[in-house]
Amino acid sequence: MDGLKPPLQRSARPDEPSEDDLEKLRKWQEARIERKLRGEYESAVFHLADLVNQNLSTPLQIASVRVEGASNTRRSFLSWLINPWLSRHTSRDADGPSNLQSVLHTARGISHVLQETDIFQSIDAKIERARDILAKEGDVDIVFNTREKGRFYLKTATELGNSEGSASATARVRNVFGGAETFEANLSFGTKTRRSFHALLSAPLSPSLRTKGEISVFGLERDLTSYASSSEGSRGLKVAVRSDWGSRGVHELSYEAVLRHIGGLTPTASISIRESAGQNVKSSLSHTWIRDTRDDKIAATRGHYTKLYQEIAGLGGDASFYKAEAESQASRPLLPGVTLSFAARAGFLKNFAGHSYFSDRFQLGGPLSVRSFRANSMGPRDASDSLGGELYWSTGLSLISDIPRKSHWPIKSHIFVNAGRLDSMNKAKDTTENFVDCLSRPSVSVGLGLIYRFDPVRVEVNFGVPLIASKSDGARRGFQVGIGLDFL
Amino acid sequence: MASALTLPAPLQKFFSQFPLHVHPPIPVQPKIPFTKPTIWIAPPRNAGLDQSPDGLLSSEVECLKWQAYLALRGLTDVAVRWDIAPEGSIDGRLPNLHVPASGDADGQLLAAHTIPGWVDVRLGSGNDALEGYKDEALRDESHAWVSLLEGIVHAALTLSQPPPPLLSFLSLGQVTPGRPIEAVLSPPPPTFTGLSSILPPYGTNVSLASVQARYADAIGALSERLGTDKWFLGSENPTALDALAFAYLHCILHSKDSTRIEVTRRVNLVTWERRVRTQVQAAFCFAS
């Protein structure tokens with residue numbers, strides 16, 4: 001018996017800690033237990049998935065769907081959301097009788113819809129044997145255990161938007177009447193938009209939650225002294241229906257009634273602005289279609305964005321016109337780290353009642369529009385006031401590239417060429433002549449600069465010069481800074 | 001750019017080359033062609049409804065006063081437009097006079113109080129210390145009549161205007177132009193609540209009866225002073241007081257309630273107003 005003699009040799013493996021270090025030994029033991037539990041959990045999940053996959057064709061029917069924990073949500077609203085799924089489930093005769101697979105599919109669909117209402121913080125789905133006394137063999141209930149999110153929300157913020165800054169307070173009430181309606185009220189004060197308020201009530205209109213209806217009341221007062229020697233105030237009501245068709249874009253149809261007022265003229269205001277001063281009412285119907293396949297809204301490297309906007313005013317009120325505006329932007333990567341981006345905008349306003357109002361006309365120029373021109377300084381001008389125009393187009397081509405060896409930085413460099421023109425419709429000429437005139441004498445600028453991604457806005461610092469300009473345009477040679485969301 | 005920072009010379013030279021090519025300025029479509037002096041007034045009573053000479057006279061006393069002044073000073077061929085809102089005028093008060101200036105396509109816009117100066121330059125009439133009155137005593141008397149007209153007669157006229165429409169609180173612009181009635185009456189009217197009330201002072205307690213009585217006295221005095229003269233205070237040529245009196249009398253005669261009865265009783269005032277009206281209307285034309 002030579003091999004066995006006390007004390008016995010250590011049988012631990014080399015990578016295990018020795019008994020001398022008790023703390024280390026305890027930690028190692030805990031990690032080992034955790035690994036074992038995780039392994040058991042993973043194998044349990046795997047077994048469950050295996051079990052489910054092998055029994056997908058087991059005949060099962062949904063007897064009822066229960067949503068528990070939704071105390072602030074209306075029953076009628078929940079059944080409005082869930083009924084289409086149930087009827088789809090029961091009417092799938094072509095695929096054969098319902099089975100576990102279709103039950104799971106329905107459960108997933110309902111869970112997704114409930115998640116989209118943004119009412120619930122957590123949704124747990126369970127499939128249980130049916131509770132009903134009259135339940136047959138193979139009847140199941142789907143039970144959703146939910147927890148609702150908080151209903152009230154108040155936020156104060158300072159924000160940077162399109163070349164302006166503002167301080168705002170927002171209050172939001174979720175699920176106001178128990179049907180995923182949202183009420184939001186916002187009050188803000190800023191540099192260019194001196195005061196604004198906005199109250200909005202939105203509610204879903206379709207059980208798939210793709211269509212929403214909105215009614216809002218808004219008012220704002222903007223300081224236009226930098227380009228039009230006046231201030232514009234407006235108060236209005238807007239009713240809109242928005243529908244998301246996925247890859248086919250988002251449609252919005254809305255009615256708007258606005259009271260606009262141009263006042264607070266500076267003493268140096270031109271005669272044309274004085275003629276535009278006063279109050280007028282616009283009552284209009286508009287349609288917007290947006291399709292966005294870009295990979296990033298601020299500095300996209302692939303995809304395109306298209307927006308079409310049409311408005312017809314004249315059902316009551318003073319303003320009477322047809323307005324159409326189109327905007328598109330496309331990006332394409334050329335080399336690793338280098339992207340080519342092309343953007344174009346155009347707009348057209350046709351008046352039915354003689355003259356157009358200042359608030360409806362288009363403005364052009366500035367760091368977010370045609371660069372190397374002062375903000376809103378292009379188009380018809382009287383002395384130092386930009387009056388706005390009825391016909392415009394603008395395009396921009398940019399080559400964006402990463403800083404060499406620092407492609408992870410949010411700063412990119414770019415070279416740009418921008419062109420555009422804003423004109424008023426000359427009634428003496430016909431429409432085609434007006435269009436041709438507008439296209440034939442553009443203002444063009446080139447330059448280079450840096451783009452900084454400062455989520456959710458983009459900041460640009462550019463050095464550019466106007467190559468061709470109209471005499472009345474406000475050219476800005478040299479540096480120009482732009483902060484905003486939509487750049488040309 | 002701030003003047004403290006100046007561009008270095010080579011950069012300035014570089015910038016001066018741009019833009020390389022310049023298009024002509026983008027044309028502005030003028031709304032109404034501008035060739036003669038144009039007075040911007042508040043809309044006449046029957047604005048746009050008839051092209052009669054009556055449609056040239058403003059319904060607001062302040063604007064009509066200046067119209068009468070221009071006409072009585074002897075100017076003719078002055079255009080009239082009323083499509084400009086008060087917010088578009090200098091200091092937010094109509095009337096304004098838009099005159100073509102030599103060499104300036106836009107012309108020059110004059111506020112109401114600078115109109116006499118412009119008329120003097122235009123007519124070449126020098127500084128008249130007596131302002132058209134016969135002597136100093138009459139000139140001083142004219143100040144008293146002016147304050148009477150701009151006081152109690154203005155208050156009576158304001159009280160006879162219809163109240164603003166129901167939804168005017170929604171509008172963003174001015175609803176009632178001019179001075180409030182509390183500033184016009186002398187002595188200023190008391191408030192609804194007095195010292196002994198627990199409510200803080202609010203509102204205005206205008207006693208209609210006393211205003212009417214004082215107004216009747218004022219019209220009676222005006223009529224007596226005019227008598228059978230051609231112009232007030234026996235002046236040979238029309239003066240500023242005549243313009244003011246005409247403006248008030250015209251507006252009172254076209255008011256819708258009983259304030260006009262006081263004036264219609266005085267025949268000499270009615271005939272005087274009619275005669276001056278034809279003279280004033282002849283000086284204006286539509287700006288189309």
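Helices and strands here are DSSP runs, numbered from the N terminus. The model is predicted.

**Exercise 1. Work out the strand order of the open sheet in chain A, and find its edges.**

Step 1. The sheet has 3 strands, and the pairing is mixed. Reading across, the order is β1-β3-β2 (chain A).

Step 2. Look at the ends of that order. β1 (61-68) and β2 (120-129) of chain A each have a single partner strand, so one side of each lacks a neighbour in the sheet. These two are the edge strands.

Step 3. Add the twist. From one strand to the next, it averages 15°.

**Exercise 2. Describe how β2(A) is joined to β3(A), and name the bridge partner of Lys126(A).**

Step 1. Strand β3 covers residues 139-148 of chain A. It is linked to β2(A) by 9 bridges.

Step 2. Check direction. The two strands run antiparallel.

Step 3. Pick out one bridge. Lys126(A) is partnered by Val143(A) in β3(A).

**Exercise 3. Place helices α2 and α3 of chain A against the strands.**

Step 1. Start with α2 (residues 75-90) of chain A. This helix lies across β1 and β2 of chain A. Its angle to β1(A) is about 165°.

Step 2. Move to α3 (residues 100-116) of chain A. This helix packs on the sheet and touches β1, β2 and β3 of chain A. Its direction makes about 20° with that of β3(A).

**Exercise 4. Decide whether Ser58(B) is buried or exposed, then list its polar partners.**

Step 1. Locate the residue. Ser58(B) sits in the loop between β2 (38-40) and α2 (61-72) of chain B.

Step 2. Apply the cut-off. Buried means under 20% relative accessible area. Ser58(B) has 0%, so Ser58(B) is buried.

Step 3. Follow the side chain. A polar atom of the Ser58(B) side chain lies 3.0 Å from the backbone oxygen of Ala42(B). The side chain also reaches the backbone nitrogen of Glu60(B), at 3.1 Å.

Step 4. Survey the surroundings. Beyond four places in sequence, Ser58(B) touches several residues, including Ile41(B), Pro43(B), Cys63(B) and Gln67(B).

**Exercise 5. Find the largest nonpolar core and the residues with the most contacts inside it.**

Step 1. The largest core has 68 residues. Those with the most contacts inside it are Ile39(B), Leu70(B), Trp272(B) and Phe284(B).

Step 2. Trace the largest share. Helix α7 (residues 240-253) of chain B supplies 11 residues.

Step 3. Zoom in on Trp272(B). Outside four places in sequence, its contacts include Leu226(B), Trp231(B), Phe246(B) and Leu249(B).

Step 4. Look for another core. One of 23 residues lies apart, with Val65(A), Leu78(A), Val113(A) and Ile119(A) among them.

Key:
Residues numbered from 1 in each chain as written. Chains lettered and ligands numbered in written order. Predicted model: local features only at pLDDT ≥ 70, side-chain atom pairs only at ≥ 80, totals over all residues. Heavy atoms only, no water. Pairing = 2+ DSSP bridges. Helix = DSSP H or I, 4+ residues; strand = E, 2+ residues; numbered from the N terminus. Axes fitted to C-alpha atoms, helices over the stretch in contact; angles between N-to-C directions. Contact = heavy atoms within 4.5 Å. Buried < 20%, exposed > 50% of the residue type's maximum accessible area, 1.4 Å probe, protein only. Polar contact = N/O pair within 3.5 Å; in protein donor to acceptor, adjacent residues only side chain to side chain. Core = buried A, V, L, I, M, F, W, Y, C linked by side-chain atoms within 4.5 Å.
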